[in-house]
Amino acid sequence: MEVAMTRFDYILNWRLKAGSHQFPGPDGGTCINEAAIVAAGFPYQSVWRVDMMPRCFSRPICRLAMLLNDDADDVQRQRLLPFVTRLACADTPEVERLRQNYINARTYRTPLSFEEGLTVLEGALAIGRQAILLSEDEVSERLDQAKRIPEPATPDRTMMGKIKEWLGIEAEVV
């Protein structure tokens, strides 16, 4: 795993966190699947369920990655960073069933340790189509760009805010 981590130094400033996130923020601050979406070249989006992922992402693999991400502690979670660029590997329905069966056969026992989960994730990724490997510069730029996009303003959802919106009146800046 040490060799894999050195190949991904360019994304080490991205911080994986548990759960879904509205916006990545300056330190990354997303789950593994949200980071994978950006790394694959898609616009940032929150991911609450695996079926929200673009079609080019393997559902069984993303489901396992989400489970590992959310169950890990902060230190363990960062060890998932090398997998960010590998999740966009959806294959035929038959291959996706093989991946799901592989995962199910190895995760039926609970609790699954983080180390065991990483081994299962690596094994599932070896089945079928592999993600297109991107250059370090390309992935780094995509992740950095997502952190630079300003966080969308939260609309004023008070009654007064709604009335102003209906009337086309600009909200006051506080």
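A residue is called buried here when its relative accessible area is under 20%. By that standard helix α2 is mostly covered, since eight of its eight residues are buried. The residues concerned are Ile 32, Asn 33, Glu 34, Ala 35, Ala 36, Ile 37, Val 38 and Ala 39. Just after α2, Gly 41 takes a positive phi of about 100°. The model described in this passage is predicted, and α2 offers a convenient way into it.

Stepping back to the whole chain, the protein has eight helices and two strands. Read from the N terminus on, these elements follow the order α-β-β-α-α-α-α-α-α-α. The protein counts 174 residues, of which 41% are buried. Its accessible surface comes to about 10200 Å², and 57% of that surface belongs to carbon and sulfur atoms. Among contacts between residues at least 6 apart in sequence, 64% join residues at least 24 apart.

The loop that follows α2 and leads to α3 deserves a closer look. The structure holds one aromatic pair, formed by Phe 42 and Phe 57. Their rings are tilted, with 6.3 Å from centre to centre and 50° between the planes. Phe 42 and Phe 57 both lie in the loop between α2 and α3, so the pair ties together parts that are 15 residues apart in sequence. The partners differ in their cover: Phe 42 is partly exposed, with a relative accessible area of 33%, whereas Phe 57 is buried, at 1%.

Ser 58 also belongs to the loop between α2 and α3. With a relative accessibility of 0%, Ser 58 counts as buried. Once its neighbours within four places in sequence are left aside, Ser 58 is in contact with Leu 87, Cys 89, Ala 90, Glu 96 and Arg 99.

Two of these partners of Ser 58, Glu 96 and Arg 99, reappear in the packing of α3 against α5. The axes of helix α3 (residues 59–71) and helix α5 (residues 93–107) come within 8 Å and cross at roughly 30°. On the α3 side the contact is made by Arg 59, Pro 60, Ile 61, Arg 63 and Leu 64, and on the α5 side by Glu 96, Arg 99, Gln 100, Ile 103 and Thr 107. Sorted by class, this contact of α3 with α5 has four nonpolar, two polar and four charged residues.

Helix α3 also contains Met 66. Met 66 is buried, with a relative accessible area of 16%, a value that falls under the 20% limit. Leaving aside neighbours within four places in sequence, Met 66 is in contact with Ile 32, Asn 33, Val 47, Trp 48, Arg 49 and Val 50. Ile 32 and Asn 33 are among the buried residues of α2, and both touch Met 66. Another partner, Arg 49, lies 17 residues from Met 66 in sequence and 8.9 Å from Met 66 in space, C-alpha to C-alpha.

Arg 49 leads on to the charged pairs. A search of the whole structure finds five salt bridges, and one of them joins Arg 49 to Asp 51, the closest N and O atoms being 3.0 Å apart. Arg 49 is partly exposed, with a relative accessible area of 48%, while Asp 51, at 51% relative accessibility, counts as exposed.

A further salt bridge brings together the side chains of Glu 115 and Arg 79, at 2.4 Å from N to O. Glu 115 lies in helix α6 (residues 114–125) and Arg 79 in the loop between α4 (74–78) and α5, so this pair ties together parts that are 36 residues apart in sequence. Glu 115 is partly exposed, with a relative accessible area of 44%, and Arg 79 counts as partly exposed as well, at 25%.

Helix α6 takes part in another such link. Arg 86 forms a salt bridge with Glu 122, and the closest N and O atoms are 2.8 Å apart. Arg 86 lies in the loop between α4 and α5 and Glu 122 in helix α6, so here too the pair ties together parts that are 36 residues apart in sequence. Glu 122 is partly exposed, with a relative accessible area of 35%.

Terms used:
Residues are numbered from 1 along each chain as its sequence is written. This is a predicted model: local features need pLDDT of at least 70, side-chain atom pairs count only at pLDDT 80 or more; totals for chains, interfaces and linings use all residues. Side-chain values use heavy atoms; hydrogens and water are left out. Axes are lines fitted to C-alpha atoms, for helices over the stretch in contact, and angles run from 0 to 180 degrees between N-to-C directions. Helices (H or I, at least four residues) and strands (E, at least two) are DSSP runs, numbered from the N terminus. Contact means heavy atoms within 4.5 Å. Ala, Val, Leu, Ile, Met, Phe, Trp, Tyr, Cys and Pro count as nonpolar, Asp, Glu, Lys and Arg as charged, and the others, Gly among them, as polar. Buried means under 20% relative accessible area, exposed over 50%, partly exposed in between (1.4 Å probe, protein chains only). Accessible areas come from the Shrake-Rupley method with a 1.4 Å probe; for residues, only the protein chains shown count as cover. Rings of Phe, Tyr and Trp (its six-membered ring) pair if their centres lie within 6.5 Å; planes under 30 degrees apart count as stacked, over 60 as edge-to-face and the rest as tilted. A salt bridge is a side-chain nitrogen of Lys or Arg within 4 Å of a carboxyl oxygen of Asp or Glu.
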